[in-house]
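Trainee: I should like a close look at a single part of this model, the second largest pocket. Please describe what lines the second largest pocket and which element gives the most to that lining.

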Amino acid sequence: MAIMPPRLLPGQPDPLGATWDGLGINFAVFSANADRIELCIFDRGGRREIARYDLPDCTDEVFHGYLPDALPGLIYGYRAHGPYQPERGHRFNPNKLLLDPYARALFGQLHWSDTLFGYRVGAARVDLSFDRRDSALAMPKSIVVGDSAAWGDHRRPNRGWSETVIYEAHLRGFTKLNEDIPERRRGTFAALQEPRVIDHLRALGITAIEFLPIQAYLQDRFLIERKLCNYWGYSTLGFFAPEPTYLADAEQGGNEVRAAVRRLHEAGIEIILDVVYNHTCEGNEMGPTLSWRGLDNASYYRLFPGHERHFINDTGCGNTLNITHPRVLQMVMDSLRYWATAYQVDGFRFDLGTILGRETGGFDPGAGFFDAIRQDPLLSRLKLISEPWDIGPGGYQLGNHPPGFAEWNGEFRDGVRRFWRGDAGQRPEIARRLMGSPELFDRRRRKPFASINFLTAHDGFTLHDLVSYAETHNFENGENNQDGHSDNISANWGIEGETDNPEINAIRDRFKRALLATLFVSYGTPMLLGGDEMNRTQRGNNNAYCQNNGISWFDWSVLKDGSAVELARLVGTLTALRQRYPSLRSAVFRHGLETITPGIMDTAWFDEQANELTSETWTDPAARLLALRRATKESECPDVTLLLLNASEEDRNFILPEPVLNWTLEADTANPKIERSRFGSNEIMVVSRSMVVLGAIIEENT
């Protein structure tokens with residue numbers, strides 16, 4: 001911009017953010033407690049401030065102004081004037097350049113410096129002191145984005161929940177070591193367009209990929225000082241901007257994200273984003289002033305009543321966003337709608353979702369956040385998943401979220417692990433998990449899909465490490481192995497870590513296959529941790545949040561031969577099996593009350609002798625065998641499946657329950673190379689720590 005006008009025009013208070021209308025840019029930013037807000041314009045290098053304006057008008061606590069003739073690509077930031085009174089929750093410091101909370105792209109990187117803090121670092125009065133140094137040179141800047149991309153007749157895959165199979169992955173680690181992808185594209189959105197990546201997902205039967213946070217996030221100072229990094233990204237710096245380091249071509253910006261979405265949608269794969277609206281990267285009262293803190297700390301964050309200097313920390317990350325404030329809730333909703341429209345994403349997984357439902361009296365399934373989403377004509381139709389816990393009072397709320405939300409089911413993870421490990425008295429527990437955890441979700445007309453079933457996730461052991469390590473090995477994190485979960489319900493089967501012992505490796509492989517089979521034959525929505533299908537290991541690290549290296553990256557070379565090939569093939573077999581038989585993915589909860597075909601109820605339980613279970617046999621602590629027969633009429637002909645589970649240390653013979661059916665042997669986790677075939681016997685051997693799946697389609701005229 002060659003000539004800068006002497007002042008801004010009043011502009012409009014809506015929409016919030018920086019909006020180009022073809023003739024200029026409207027700026028609007030919320031602050032209930034600021035006295036005035038300045039707009040700072042920077043040169044193309046983002047280092048030199050070339051103009052500064054007061055936003056000339058304020059409507060309903062929104063400061064706004066209009067810069068005529070300005071174009072997309074303009075680099076800017078804000079400075080907020082107001083009281084610096086930490087005891088009352090106010091931390092205004094106009095010496096600190098602030099990111100626009102609605103910035104749709106960021107320019108440059110944050111360079112850690114004491115100038116980023118609103119107080120004088122090291123001062124005797126700590127955060128009650130005031131720092132007068134300018135932070136602009138250390139700060140990234142906001143960029144005005146045109147958002148002119150046209151989606152045309154593009155349509156989402158709109159996968160039904162009952163057919164959904166989720167793959168959780170880190171965007172960088174997923175492709176960083178894939179040598180079939182040009183090196184500059186690896187670990188970026190551009191890599192997701194590559195046929196090798198899409199073909200792999202389709203072969204696995206994946207219908208949705210859930211990415212760890214891809215919104216712009218902060219590299220924490222304490223990690224940089226340890227020569228580590230924030231790899232997972234749960235420290236949001238911008239709720240509307242893609243993480244710049246995930247772009248192969250910075251000039252393409254959001255268009256690179258859109259191209260990846262298009263390619264995945266063309267393959268029938270949906271995109272779910274893991275989003276962090278429970279806290280920001282600014283931390284507690286000792287954290288930096290980067291955006292929200294400097295614009296209106298008392299509105300954006302939950303503060304202790306009567307002690308507003310301090311932050312409520314139900315997140316464990318230093319601060320908690322004040323979602324009960326209408327403008328903060330609006331920011332979250334606007335961010336969700338933006339990703340759903342500008343990038344056409346198909347759903348969201350809400351990190352520490354319990355916090356989003358916290359009202360004054362604690363967690364409330366009728367909280368404003370849930371109500372706002374459930375009535376929204378766009379967001380309510382997307383896939384909505386909550387992580388149903390936080391560290392605050394009453395933080396574990398599994399099963400208590402409202403209809404329309406699915407929830408990560410930690411009870412499934414723990415119950416399945418205990419059963420296959422051989423723990424005593426697990427028959428009732430594994431039965432509940434196989435049936436979709438009805439004691440948790442069968443209420444308020446919710447359906448089995450509400451249970452997001454998983455064996456492993458980014459936070460914890462990988463599947464390979466689950467069967468290889470009894471203890472955590474997190475020393476690389478620099479916290480003396482004191483971080484991460486201590487109770488992993490894992491087993492190493494005789495040797496800690498990797499081994500060449502064939503007997504131990506055979507047990508480990510059977511254990512993995514049995515776990516995977518359980519995941520895919522259970523009611524609910526299966527979620528596979530990315531890399532588990534290729535024996536990915538983190539070398540016993542169950543908290544690799546700071547490991548942007550081979551500990552976290554996927555090793556694609558193992559898919560050329562060996563056990564990883566068999567494991568990936570098994571996943572594809574299981575997902576295909578799940579689609580073939582509706583009785584493995586029922587759209588409704590079933591309780592053994594409906595007759596599907598003569599002699600066969602929708603659900604029936606047996607022991608290995610084909611005897612129906614009684615109250616005594618259900619609670620037998622030594623029982624580690626179980627047979628489950630399920631049937632549905634959801635397709636043209638009734639289908640029946642029989643699951644035979646042997647979690648004992650010995651091979652056991654199972655007698656098949658009456659009536660006699662034309663069974664097909666669909667899977668045997670002890671023998672993954674066996675092809676599906678007709679099975680004419682009335683009994684079958686089930687190897688120790690393995691599962692057999694039989695299926696039958698009952699023709700109506702038989």
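Mentor: Helices, of at least four residues, and strands, of at least two, are DSSP runs numbered from the N terminus. The model is a predicted one. With those labels, the second largest pocket can be described from its space outward. About 620 Å³ of space lies within it, and 27 residues form its lining. Nearest the centre of this pocket lie Ala105, Val145, Ala250, Glu251 and Gly253. Two elements give two or more residues to the lining, namely β10 (106-107) and α4 (254-266). Of the elements, α4 gives the most, with three residues. In character, the lining divides into 14 nonpolar, eight polar and five charged residues.

For context, the rest of the model may be considered through its buried parts. The largest nonpolar core has 168 residues, and Phe27, Phe348 and Phe350 are those with the most contacts inside it. Helix α6 (residues 326-342) gives the most to this core, with 10 residues. A second core, separate from the largest, has 22 residues, including Ala627, Leu644, Phe654 and Ile698.

Helix α5 (residues 292-300) is largely enclosed by the rest of the structure, because eight of its nine residues are buried. Among them are Trp292, Arg293 and Tyr300. A buried polar residue is found in strand β2 (residues 24-30), where Asn26 has its place. Asn26 counts as buried because its relative accessibility is 8%, below the 20% cut-off. The side chain of Asn26 reaches the backbone nitrogen of Gln12 at 2.8 Å.

Methods
Residues numbered from 1 in each chain as written. Predicted model: local features only at pLDDT ≥ 70, side-chain atom pairs only at ≥ 80, totals over all residues. Heavy atoms only, no water. Buried < 20%, exposed > 50% of the residue type's maximum accessible area, 1.4 Å probe, protein only. Core = buried A, V, L, I, M, F, W, Y, C linked by side-chain atoms within 4.5 Å. Polar contact = N/O pair within 3.5 Å; in protein donor to acceptor, adjacent residues only side chain to side chain. 1 Å grid on protein atoms, 1.4 Å probe; cavity = no way out; pocket = protein on both sides within 12 Å on 5 of 7 lines; lining within 4 Å. Points joined across faces, edges and corners; volume = space filled by probe spheres on them. Nonpolar A, V, L, I, M, F, W, Y, C, P; charged D, E, K, R; others polar.
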